[in-house]
Amino acid sequence: MTIVAYQPNELKHGLKTRHVTMISIGGVIGAGLFIGSGNIIDSAGPGAILSYIIAGLMIVLIMRMLGEMAVVNPDSGSFSTYAHQAIGPWAGYTIGWLYWFNWVIIIAIETTLLGTMIHDWFPAIPMWIASLSFPILMTLTNIYSVKAYGEFEYWLAFIKVAAIVIFLCLGAAMIFGFVPGFESPGLSNITGNDGFFPNGFLPVLLSVIFITFSLSGSEVAAIAAGESENPEKNIIRAINAVVWRLLLFFVGSVAVLVILIPQGAEGLLKTPYASVFNMAGLPGAGQVMNIVIFISLLSVLNSGLYTSSRMLYSLSKKGDAPRILSRVNKRGIPIWALMASVFFAYVCTTFKFVSPDKLFAFLANSSGGVTMIMYIFIAFSHLFLRNKIEKENPGTLKVKMWLFPYLTYATIALLFAIFVAQAFIDSMRLQFFLTSLLTILVIGSYFLFYHKKEVITPKQEEKLKKIL
């Protein structure tokens, strides 16, 4: 048996309540909403509202389960740690490494998108140079202190939230006829043409699958809460914030788009939010939305570096990754875990330029379904841990999942249905098989390399030294 010595290095609690709350809100607001919503509406018509309601409610249930576990045990490893405790060490290892890999790919994608935008604005700057510069900038915010990350992310998220709030207010004014020069369509765009489901109900259900993948990011709040001043209080606030703001921002803004943009207006739906601003007669709306999208990409990149480094740190603490990755600097930053995440993100970004249709496409499709696997692990972990806690220490359950265990079972069934449905959708079939293959390989690597390791405490280590 290989023994992995316990490392006393600990993260610092530098995040304030406002940081964690805004991170939880901003985590789900990204380019997927500002651009992807147009594709969903074009496919499902007004029924897209129902798609967002179903997907939003499912994320709310997942966050409620995660919040219940996080209040009992705030940990930077979050759901990886809970899977380790509830299902077994192999589960924590598997979802931890899959989640880290997923974020590394996301960082590479966001990096290239940011580089493309910079190149479009300033053609003299090559796209690859612009792309490779952003991880360096975001590393600086992450490497200084967790408070610096939290403060930077707070303002990035604040701008995204402000943009959504302004959009909702403007949209409501347009709907009720308070905007000069714009005639409100009322509900004609919903009730007219081919009705609420112009293409049938199937596109509504298929859209739920795509939306669910685009809503990943809310779980970052549970990871960040582990480094906050008052984890229990901040987790409760973050969970409550996600519940109603997620539904308000996503369902509310999509409802505004559906009411104001005529069905079949593909040109307007390519940039739906900018289109609404233009319809209101506001000059430069397109440029403003491009800036908001740029900030959204920057926010995701910033959170990606933070989240991936903390997941590597947690894996190392449990003995599921090299010990050096759990070392922290004087400011409490897992410096080696951060550098490792940046390095591999750079490698994946290079693949985007060297082999975009083969190597990078393979990696992207391999990580595409990780979000759904993560949700499934969270749901099963909650099911097992809740039963255990109710028997051993029910007083620690200060946040409880509604209608347990029935809603948990229903969520698990829905998650499996969505994951398997990928195999029957042409555009997602490759993602389904590659993600499934990657998951099997990661599980196999655990039993091949790590399952005999055991983490020991300093006291146990001292006893072993005396014996030896």
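**A tour from the cavity outward**

Start with helix H12: with 5 residues, H12 gives the most to the lining of the largest cavity. Keep in mind as you click around that this is a predicted model.

Now select the whole lining: Ser24, Ile25, Val28, Ile29, Val242, Arg245, Leu246, Phe249 and Phe250. Two elements give two or more residues to that lining, helix H1 (17-26) and helix H12 (231-260). Color the selection by character and you get 7 nonpolar residues, 1 polar and 1 charged. The space they enclose has a volume of about 30 Å³. How many cavities of 30 Å³ or more does a search of the whole structure find? Just 1, so no need to go hunting for another at that cut-off.

Keep Ile29 and Phe250 highlighted, since both line the cavity and both turn up at the next stop. That stop is the largest nonpolar core, with 158 residues. Ile29 and Phe250 are among those with the most contacts inside this core, along with Phe79 and Ile378.

Zoom in on Phe79 next. Leaving aside residues up to four places away in sequence, which residues does Phe79 touch? Show Leu66, Ile95, Tyr99, Glu219, Ile223, Met311, Met374 and Ile378 around the ring. Ile378 is a familiar name here, being another of the residues with the most contacts inside the core.

Last stop, two cysteines. Is Cys169 buried or exposed? Cys169 counts as exposed because its relative accessibility is 52%, over the 50% cut-off. Jump to Cys348 and the picture flips: at 7% relative accessibility, under the 20% cut-off, Cys348 counts as buried. As for disulfides, a search of the whole structure finds 0.

Key. Residues numbered from 1 in each chain as written. Predicted model: local features only at pLDDT ≥ 70, side-chain atom pairs only at ≥ 80, totals over all residues. Heavy atoms only, no water. Core = buried A, V, L, I, M, F, W, Y, C linked by side-chain atoms within 4.5 Å. Buried < 20%, exposed > 50% of the residue type's maximum accessible area, 1.4 Å probe, protein only. Contact = heavy atoms within 4.5 Å. Disulfide = S-S within 2.5 Å. 1 Å grid on protein atoms, 1.4 Å probe; cavity = no way out; pocket = protein on both sides within 12 Å on 5 of 7 lines; lining within 4 Å. Points joined across faces, edges and corners; volume = space filled by probe spheres on them. Helix = DSSP H or I, 4+ residues; strand = E, 2+ residues; numbered from the N terminus. Nonpolar A, V, L, I, M, F, W, Y, C, P; charged D, E, K, R; others polar.
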